[in-house]
Amino acid sequence: MMRPNLPSTRRTALTAAILAIACLGGVGGALAAPISDLLDLPAPVNARAVRSLQLAVTRAGDRLVAVGEHGNVLLSDDHGRNWRQARRVPVSVALTDVHFPTAQLGWAVGHSGVVLHSADGGETWARQLDGKLAAQVVVEDARKRAGESEGGNLDAGNRDAAARRLREAEGLVADGPDKPFLGVHFADAERGWVVGAYGLALATKDGGKSWTSLMGTIPNPRGKHLYQVRGDANALLVAGEQGALFRSTDGGSAFSALATPYAGTWFGALRTRSDTLLAFGLRGNAWRSADGGASWERIDAGQPVTLAAGRTLADDSIILGDASGRLLRSTDGGRSLVALTVAPTSGLTGLVQAADGALILSGPRGLTRIEPEFLVAEVKK
Amino acid sequence: MSHAHAMPAGVVIGDLAAFDSRSGSLGERLLFNNRLVIVVLCLITTLALGYQSLGLSLNAAFEKMIPTGHPYIANFLENRSQLAGMGNTLRIAVEAKEGTIFDADYLDTVRKINDELFLLPGVDRPYMKSLWTPAVRWTGVTEDGLDGGPVVPDDYDGSPDSLEQVRLNVERSGEIGQLVAANYKSSIVLVPLQEKIAETGARIDYAQLSERIEELRAKYENDRVSIHVTGFAKVVGDLLAGLQQVMVFFAIAIAICTAVLYWYTRCLRSTLLVVLCSMIAVVWLLGLLPTLGYELDPYSVLVPFLVFAIGMSHGAQKMNGIMQDIGRGTHKLVAARYTFRRLFLAGMTALLADAVGFAVLMVIDIQVIQDLAVTASIGVAVLIFTNLVLLPILLSYTGVSPVAAERSLRAETMEANDSGHGKHAFWAFLDLFTQRKWATIAVAAGVVMGVVGLATSFQLKIGDTDPGAPELRADSRYNRDNAFMVANYAASSDVYIVMVKTPQYACAHYDTLMSVDALERELQQLPGVEATSSLAGLAKVSHAGMNEGSLKWFEIPRSQDMLNAIITRAPRELFNQNCDLTTVYVYLKDHKADTLTSVVNTVEAFAAQHGSDEIRFLNAAGNAGIEAATNIVVRKANVEMLFLVYAAVIILAFITFRSWRAVICAVLPLMLTSVLCEALMVWLNIGVKVATLPVIALGVGIGVDYALYVMTVTLAQLKHGMSLSEAYYKALLFTGKVVVLTGITLGIAVATWTFSPIKFQADMGILLAFMFVWNMLGALILLPALGHFLLRPKKTVAI
């Protein structure tokens, strides 16, 4: 019943508790379950959609698109002043991230391994992938690699690694669609990457029609959770737990691990225009590397609260937001952070700059717009 | 039935020696030939019961105010012991007027308040919550896994650093909007109460509890801190405190009744006797209640006044009769006996009708109303002794003042002499309604009002129509405190709890949680629902918590292992020991009837669609759930009660009149009043609830008195061959006068309650005043008008 390889240390800490009540899992199979699986339940029209938990927000051209719990997708065509629900979303699982490489084409990912695609700027969505299919992709890839290693000329260590990946992949299938995707990034209409729990990572080169596993490509043998994938013309960055930070400089074919000075979780990483790396995560950890990840210096974030989201704004300044809703801004390429004096929202999960310059925050109570005038005034200070 | 003693005027006997003391019924002889014994017995009884009444207590009990027989409440009571904090909870918000709660002085004040509340009797201490209770914890994520501790750390010392630590812990505690206001300007001490005090087994004394809380308020409130308190216990406490003011209104009402009666009779001694006898009835009632194991509650506290009012009505009738006889020259004892003969049966029937009318309230499965029914029935039964027996006997000793008697005679002579054309203008006006034209107009007007009233009464709301505690005024301290809670906290004070039963150990099964989550999603769509919480919601929060607090994990994990791990940390209010019961808390904007109905219907529909033997969705606990059940019971009871009250009144009226036609004449006006009273409730936005439910029954019970007094005399005259007009005119002069007098007097007296600090009493005052006056008008206008069509002035008496 237990997953054979629970990688994180905290999971082992829970083992005792799980064992103590492990019997609970075995009963109740006979429960009448007339409730639809959330994967098959279209997101309902929700009277309080605009006030419910939103987990990410992005731009689709001038439009803003936010995703959140219950398969809730919100759209705004007036730079975040008013929001409405997307017309059709085929699932009701929580959606964790969304990205639009063009104004029309976008992808959203979420729990139960779901990948959704919209070709109309977020109005309607269709399912491209779910956890079961994703597990199949991963297991096929693992089988292929294991097969190659058996007959091929790999050394013993690599053979073991391939065999272990296959075991894990088969475990994935056995677990069912219970792993969330946590990050999505598309470079263009064709090439995209999705990452998630337990190192789950897939890529597509045909706009999501077919997917390949990245689990043997990203050097993440312990299956650390991957929280974010972001990229630009030069590089792709994947951030995850226990100090995991991966980079691809060849358009996502090969990934290398960057050594980081912090062993906690990175919830995100971004690259400034001057090629500076900024990684942020648990307990107010914000670290900067000006030499492509070789050396890092810590930036004082003021409070030991999780930094949940970060973006580079149009004026090259950087905004980081922590889980309590506090906003920090750097106007010196990430050398120092200054807390904005905006009243904190009740929490923060994501942020993006709207086309008119306003800052849009997603959080437990929906979305908040911070006027561009305010951000300008902050800079002058 | 012999109607001999119903003669409006007996033979005038001025000399007692000429009176045959063996005349009259057995009862009359028994009573009047042993007058002294009766008086002494009554005196002893009064002293004994007066002593007993010192032991009368005023209190309220949560379980007495709820319909314990309703399936929802049965569900609640059945599962109550397994779940904490489901019913009766006090919420005490401590507000920092300047700055935020992250202030050493503020936190110190909260700690002191917390410690004092902890020691109050009746507090369910393990479940008490505040910033300072160990149960309120933060969980945070470190590189090494989950970390947590009390929100106020063990090493808290009030320094800026530790205050900063508290702020951080609060942010990570998940209590924002629950125990801590989102603006950080107040925090809550949550005090669950047990109905019985654990140490002594005694019931909570709400008046005392409320006083203790007011003492705390006085002690800690200053220019920097203010305290807001909500919860059932405080409502009851405030009601009980308000009752002291209520007593003042009773006193005013009694004074008005006395003054008007004196103005009418100009006889001090008989006025005082009527008041005295009515007061004796109240004393007996107040003495009998503790003797029989009853106590007064905020609802039944009105009963003593009602008993007094009814007593005044009957007493005035007796006094008037005696006064008229004495005025004609009859000896006072004989006059008393004559009056007894003429009016005892009518009075007795009227009082029995009252008693039965009140007793009918027993069918309502809410104990406070049953207690009220018992209390009122006892009170009315007592009146039979004090005002129908003791009063005439006392008057037979004292007589009336000669001036008053002469005045009464003069009026009577004048009216009698003028019969023909010069009737007293007012009585002549009322007499018009026995004529075809006016009778038609009156009946037509009655029909129109009845139709309009009936149409309006269909909009009658069941339950509360205002937010907060509708028993109290909208601008009362309590309701302002309640508004504060609603404005500052997501979790309102109106909590509706759905109980979800599963097989053992399945309360946290993935399928169970998915069902619970689906139910929550439906409930969250209701405009009256502010928020919900459940094991499903907790699973999401914990899932995020186990993943370093990242809200991206805010979803119910599909892994049962993960769910099992989660429930080991879940608070006990969400599931029981056996893990076969879990609860969904629904926080409502208010507890208006519409809001509750929408929740009840949603849950019922969901249960019908998704419930099975394996998973059952049960209504309802929490104060709002209980109120929803109460509303359902009240709605049903409102219909049943009216039906039964009228059945009782009709039967009693028939026994008295022996004529269906007369019964119709007497009862139809009452029904019109009932309908109009409901319409009035719609217009005044008063809902039918535990407090207002008895009003209509009381109104019918008291209103029938008027009809009985007028109809009895009219029928007797008709039997003697008078025309309806003549018969009715006689009845007006004899009993009608007093009907007008008491109707107006009682109407004015109860109308003073409108100024009561207690809203439901003000509502009752308006409704009762309306019913007193309108029943009087019905008895004086509609009754003769209907009589015109139904009671033919033939020699033959209606069967």
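The following paragraphs lead through a predicted model, from chain A to the domains, cores and backbone details of chain B.

Chain A has a mean pLDDT of 82, and 86% of its residues reach 70 or more. The pLDDT falls below 50 over residues 1-33 of chain A, a stretch that nevertheless has 54 contacts in the model beyond near neighbours in sequence. Further along chain A, residues 181-285 are covered by a UniProt annotation, from an unreviewed entry, that reads "domain: Photosynthesis system II assembly factor Ycf48/Hcf136-like". This span is 43% strand and 0% helix, and its end C-alpha atoms lie 23 Å apart.

Within the annotated span of chain A, residues 181-285, A:Arg283 deserves attention for its backbone. A:Arg283 is not a glycine, yet its phi is positive, at about 50 degrees. The residue is placed in the loop between β18 (277-281) and β19 (286-289) of chain A. Although A:Arg283 lies in a loop, it counts as buried because it has 20 C-beta neighbours inside 10 Å, and 20 is the number at which a residue is called buried.

Chain B is divided into three parts: domain 1 (1-6 + 26-55 + 240-418), domain 2 (89-230) and domain 3 (491-627). A distance of 57 Å separates the C-alpha centres of domain 1 and domain 3 of chain B. At the start of domain 2, which covers 89-230, strand β1 (residues 89-96) of chain B contains B:Arg91. B:Arg91 has 22 other C-beta atoms within 10 Å and is therefore buried. Its C-alpha atom is separated by 6.1 Å from that of B:Gly231, even though the two residues are 140 residues apart along the chain.

The largest nonpolar core has 279 residues, and the members that touch the most others are B:Ile92, B:Val498 and B:Leu535. Apart from this core lies another, of 109 residues, which includes A:Ala43, A:Phe100, A:Phe267 and B:Leu551. Beyond four places in sequence, the contacts of B:Leu535 include B:Cys507, B:Ala508, B:Leu513 and B:Val516, as well as B:Ile567, B:Ala570, B:Leu574, B:Phe575 and B:Thr582.

Helix α17 of chain B spans residues 535-546, and B:Leu535 is among its buried residues. The helix has 12 residues and reaches 15 Å from its first C-alpha to its last, close to the 16 Å expected at 1.5 Å a residue. Because 10 of the 12 residues of α17(B) are buried, the helix is largely enclosed by the rest of the structure. The buried residues are not confined to nonpolar side chains: among them are B:Lys540, B:Ser542 and B:His543. After α17(B) comes B:Glu548, whose phi is positive, near 60 degrees.

Two further backbone features of chain B may be considered against a general expectation. Most residues other than glycine have a negative phi, and most peptide bonds are trans. B:Arg266 has a positive phi near 55 degrees and is not a glycine. B:Arg266 occupies the loop between α7 (232-265) and α8 (268-291) of chain B. Since 14 other C-beta atoms lie within 10 Å, B:Arg266 is partly exposed, whereas A:Arg283 is buried. The peptide bond that joins B:Asn619 and B:Ala620 is cis, with omega at about -20 degrees. B:Ala620 is placed in strand β9 (residues 616-621) of chain B.

Notes
Residues are numbered from 1 along each chain as its sequence is written. Chains are lettered from A and ligands numbered from 1 in the order in which they are written. This is a predicted model: local features need pLDDT of at least 70, side-chain atom pairs count only at pLDDT 80 or more; totals for chains, interfaces and linings use all residues. A nonpolar core is a set of buried Ala, Val, Leu, Ile, Met, Phe, Trp, Tyr and Cys residues joined through C-beta atoms within 7 Å. Two residues are in contact if their C-beta atoms, placed from the backbone, lie within 7 Å. Domain bounds come from an automatic or database domain assignment. UniProt positions are given in the numbering used here, feature names are shortened, and annotations may be inferred rather than shown by experiment. Helices (H or I, at least four residues) and strands (E, at least two) are DSSP runs, numbered from the N terminus. The expected span of a helix is 1.5 Å times one less than its number of residues. pLDDT is the predictor's confidence in each residue, from 0 to 100.
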